[in-house]
Structure formats: structure tokens, C-alpha cells
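Me: I am new to this structure and would like to learn how to read it. Could we go through a helix and a ligand site step by step?

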Amino acid sequence: MKGLQHDQVTIEEIASPTSNLLNISLHVLRLDLLHPIIAGNKWYKLQFHLSAALQQKKKRIVTWGGAWSNHIVATAAAAQSLQLSSLGIIRGEKPTVLSHTLQEAASFGMQFQFISRENYRQRNFDPELLTAEDWEIPEGGYSQLGAQGASRIVELFTPHHFTHILCAVGTGTMMAGIIQAAPPSTTIIGIPVLHGPEALTHAIKSLLPATHSNWRLVSGFEWGGYAKHPEGLLDFMNQWYQLTGIPTDIVYTSKLCYAVNDLMAGNFFPSGSKVLIIHSGGLQGNRSLPPDTLHF
Ligand SMILES: *Cc1c(COP(=O)(O)O)cnc(C)c1O
């Protein structure tokens with residue numbers, strides 16, 4: 001295994017018996033190594049929101065998410081680092097014990113407002129909650145500013161070296177950013193982890209300022225949906241770690257790496273393909289598992 005440093009981000013080449021056999025090169029962009037908390041794509045999706053908030057002299061960042069949201073904790077940490085306060089509007093009633101994610105967000109000074117799932121879906125909340133000093137970031141950072149930030153991920157490597165770039169897809173914001181910045185000769189493949197591909201295709205297209213045709217979503221790797229992690233997925237995470245030394249998270253990157261393996265074995269990638277996997281971070285989410293589930 002060899003690694004090369006590129007603007008402080010590691011791009012690691014990995015090999016598997018299948019990739020060798022099929023003459024496919026596999027690289028992983030290790031955004032997970034960027035920062036222990038704001039790691040991964042969340043930092044990129046937040047960048048332009050944060051600079052806009054500072055520019056407009058806002059005092060507080062307000063955002064939306066569930067109790068296990070990587071976006072919530074990343075926003076809390078990023079806001080604190082800029083001396084902004086933060087409020088998380090959290091889906092669901094307040095639990096007696098806060099999730100690890102929310103505890104961590106609270107440790108960065110985030111305050112919470114819990115609202116019922118119904119109200120959350122309809123954005124029904126006390127309007128006095130928001131003031132003119134607040135900068136609101138949509139759930140998961142889904143916005144053009146978020147995608148614009150995510151497009152900077154592509155500056156971390158030489159995109160035309162790769163025939164395929166694969167990433168996990170939640171809201172589709174990161175993927176929209178990558179599509180915008182990648183050359184037309186590279187195919188961007190998104191692996192949805194929660195929604196059906198129809199809603200996502202629309203969500204991604206609406207973030208793109210121009211039409212691009214070098215991308216597609218490949219569904220079938222949701223493992224039952226958002227944050228569902230059956231035994232088979234956990235086994236795969238351990239095997240993948242053993243093979244590559246790369247830890248993955250239960251919500252996004254495990255499903256992505258599984259998909260790459262599966263697609264490769266199904267001859268999805270022509271011989272000679274150069275595949276880049278975006279490791280978008282999210283490892284903090286693994287703390288919801290019982291200890292010793294994962295061997296890393
Ligand atoms: C949030 C997240 C994603 C999904 O990003 P979207 O822009 O919402 O599609 C992927 N990977 C990890 C690790 C994440 O935390």
C-alpha cells in the first residue's frame with residue numbers, strides 16, 4: 001500500500017485480489033483524516049456558509065438534523081472555532097439521555113431545540129426562535145453554498161487522472177459539488193444511503209447551475225435505509241479494514257466501499273479503470289455501536 005500526500009490530504013492506493021485481477025486501480029481520498037470532528041465532507045459543505053455568516057456579522061449558526069447527524073456535530077464544532085454560537089433544531093422529542101452526537105455537539109456549545117417529527121417535516125417551529133443575528137444552514141448543508149463548498153474537494157486531487165469518482169450520497173450536496181468541479185471525462189457515481197434515487201436525482205439536479213451528464217446514482221446499497229447496519233455490513237467493515245487498513249462508518253462510507261467492491265466484482269468498471277473513492281469521514285457515528293463490534 002502506498003500513500004501520497006496532496007495538500008495535506010492523503011490519497012491512498014489500495015489493492016484487492018479483485019482489483020488486481022480486473023486491472024482496476026483503486027484510490028481512496030482520506031477526507032476522514034482532515035479533522036477528528038469536522039472531518040470529511042461536512043467541513044467543505046460548511047465553509048461558504050460560515051464565511052457568509054461572518055461577513056454579515058451574524059452571531060449564531062442555526063441548523064437542522066437528527067440526533068445522530070454528523071452535520072449537527074460538525075456545525076457545532078465549526079461554529080465554536082469561529083466564536084459563533086450555534087443552535088441545533090433536532091428532529092424528535094428530547095430523549096432522557098442525549099445521543100453521543102448531541103453530547104458532543106453540546107460540548108461545543110450548541111444549544112438544542114427539539115421538535116416533533118411531524119413539525120420538523122413541516123418546518124413548524126416557533127418563529128421567535130430565529131432572529132436577524134442568525135445564519136441558517138439547511139439540514140445536511142443542502143444548498144448551493146454547500147455544493148459550492150463541496151466542489152473544492154476536487155481541488156485536492158488531479159481529477160482527470162480518474163475515470164470514476166465514487167461518493168456516498170445523503171442529501172446529494174457533496175455529489176453536486178463534485179459533479180460541478182470534475183472534468184466531463186470522469187464519471188461521478190453516487191451511492192445513496194437513504195432516499196430512493198428519484199428524489200435524489202431531482203435534488204442533485206436542482207443544485208447544479210448547468211447540465212452535466214457524466215454522473216449517475218447506483219442504488220441498491222442502502223442496507224435497509226439510513227443508519228441501518230445489519231450484521232453483514234458490520235462484517236464487511238471489519239474485512240475491509242483488515243484488507244486496506246481504512247476504517248469506515250456505519251452510515252455512509254461502509255455502504256460506499258461495499259458498493260465499490262460489489263460493482264467491481266460485477267464487472268461494472270472496464271479493465272484499466274482508475275477509481276477514486278471519496279472517504280467522506282463520519283467515523284464519529286460508529287460510537288453508537290456496542291464496544292468491540294468493530295475491530296478498529
Ligand atoms: C453527510 C455525509 C455524507 C453525505 O453527504 P451529502 O452531501 O448529504 O450527500 C457522506 N458521507 C459522510 C461521512 C457524511 O457525514
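Reply: The dialogue below takes up one helix and then the ligand. Please keep in mind that this is a predicted model.

Me: Which residues of helix α8 are buried?

Reply: A residue is called buried when its relative accessible area is under 20%. In α8, which spans residues 197-205, this applies to Leu 200, Ala 203 and Ile 204. These residues lie on the same side of α8, because they cover an arc of only 95° around the axis.

Me: Which exposed residues does the face turned away from the buried side of α8 carry?

Reply: That face carries Glu 198, His 202 and Lys 205.

Me: What do the buried residues of α8 pack against?

Reply: Their partners are the strands β8 (164-169), β9 (187-192) and β10 (215-217), together with helix α7 (173-181).

Me: How many residues surround the ligand, and which are the closest?

Reply: The ligand is surrounded by 14 residues, and the closest are Lys 42, Lys 45, Gly 170, Thr 171 and Ser 280. By class, three residues of this shell are nonpolar, nine are polar and two are charged. Helix α2 (41-55) and α7 each supply at least two of the shell residues; α2 gives the most, with three.

Me: Where do polar atoms of the protein meet oxygen atoms of the ligand?

Reply: In the side chain of Lys 42, a polar atom lies 2.7 Å from a ligand oxygen. For Thr 171, a side-chain N or O atom is 2.6 Å from an oxygen atom of the ligand. Gly 172 takes part through a backbone N or O atom, 2.8 Å from a ligand oxygen. Taken alone, the ligand exposes 390 Å², and the protein buries 98% of that.

How values were computed
Residues are numbered from 1 along each chain as its sequence is written. This is a predicted model: local features need pLDDT of at least 70, side-chain atom pairs count only at pLDDT 80 or more; totals for chains, interfaces and linings use all residues. Side-chain values use heavy atoms; hydrogens and water are left out. Buried means under 20% relative accessible area, exposed over 50%, partly exposed in between (1.4 Å probe, protein chains only). Helices (H or I, at least four residues) and strands (E, at least two) are DSSP runs, numbered from the N terminus. The arc is that of the directions from the helix axis to the C-beta atoms. Contact means heavy atoms within 4.5 Å. A residue is near a molecule or strand if one of its heavy atoms lies within 4 Å of it. A polar contact is a pair of N or O atoms within 3.5 Å; within protein, one must be able to donate a hydrogen and the other to accept it, and residues adjacent in sequence count only if both atoms are side-chain atoms. Accessible areas come from the Shrake-Rupley method with a 1.4 Å probe; for residues, only the protein chains shown count as cover. Ala, Val, Leu, Ile, Met, Phe, Trp, Tyr, Cys and Pro count as nonpolar, Asp, Glu, Lys and Arg as charged, and the others, Gly among them, as polar.
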